[in-house]
Amino acid sequence: FDYSNVVLVNLGKSGAGISINPNPVTGNSIGLAMSNMPGGKYQIRLINAAGQTCMTRTLMHTQGNPIETLTPETKISAGIYYLEMTAPDNSTKNIKVIVR
């Protein structure tokens, strides 16, 4: 057996992050709040529960706390989706999105 190093995980709020507002989403627009995220080009994918990509977008984000509105070209059905965001440094974050 090999064991990895112990790592501290902080579950509290951090200075930078993304969130969906409101979540659950109603209608066909997703509000993406980007709190204190560095500026640059972000790749966005909306993925359904079957793993299919429902939407892709490229966002040019300026520093600060803007809320971006994402509107898929086709109506998204009610269900659970995952929003995958790839940052300029190629780090990836995933958020669960619930659509009513």
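Visitor: What makes β6 and β7 count as a strand pair?

Guide: In this predicted model, eight bridges join β6 to β7. Two strands pair if there are at least two bridges between them, so β6 and β7, with eight, qualify as a pair. The two strands run antiparallel. One of the facing positions is Y81, which stands opposite V97 in β7. The hairpin of β6 and β7 has five residues between the strands, and N90 takes a positive phi near 70 degrees there.

Visitor: How many bridges justify calling β3 and β6 a pair?

Guide: Strand β3, residues 40-48, and strand β6, residues 79-86, share six bridges in the antiparallel sense. The criterion asks for at least two bridges, so six are sufficient for a pair. Within this pairing, R45 stands opposite E84 in β6, and the bridge partner of N48 in β6 is Y81.

Visitor: Why are β4 and β7 said to stand at the edges of their sheet?

Guide: The open sheet of four strands has the order β4-β3-β6-β7, with antiparallel pairing. Both β4 (53-61) and β7 have a single partner strand, so one side of each lacks a neighbour in the sheet. From one strand to the next, the twist in this sheet averages 20 degrees.

Visitor: Which strands stand at the edges of the sheet that has the order β1-β2-β5?

Guide: That sheet is open, consists of three strands and is paired in the antiparallel sense. β1 and β5 (67-70) are its edges: each has a single partner strand, so one side of each is left without a neighbour in the sheet. The twist here averages 25 degrees from one strand to the next.

Visitor: What makes β2 and β5 a pair?

Guide: Four bridges connect β2 and β5 in the antiparallel sense. As at least two are required, the four bridges establish the pair. One of the contacts is that of G31, whose bridge partner in β5 is T69.

Visitor: What is the volume of the largest pocket, and which residues are the closest to its centre?

Guide: The largest pocket has a volume of about 170 Å³. It is lined by 10 residues, of which A16, G17, I18, S19 and I95 are the closest to the centre. Two or more lining residues come from each of β1 (17-20), β2 (30-35) and β7 (92-99).

Visitor: How many residues of each class does the lining of the largest pocket have?

Guide: The lining has four nonpolar, five polar and one charged residues. Gly counts as polar and Ala as nonpolar in this classification.

Key: Residues are numbered from 1 along each chain as its sequence is written. This is a predicted model: local features need pLDDT of at least 70, side-chain atom pairs count only at pLDDT 80 or more; totals for chains, interfaces and linings use all residues. Side-chain values use heavy atoms; hydrogens and water are left out. On a 1 Å grid over the protein atoms alone, a cavity is a set of points where a 1.4 Å probe fits but cannot get out, and a pocket is an open set with protein on both sides within 12 Å along at least five of seven lines; lining residues have an atom within 4 Å of a point. Grid points are joined across faces, edges and corners, and a volume is the space filled by probe spheres set on the points. Axes are lines fitted to C-alpha atoms, for helices over the stretch in contact, and angles run from 0 to 180 degrees between N-to-C directions.
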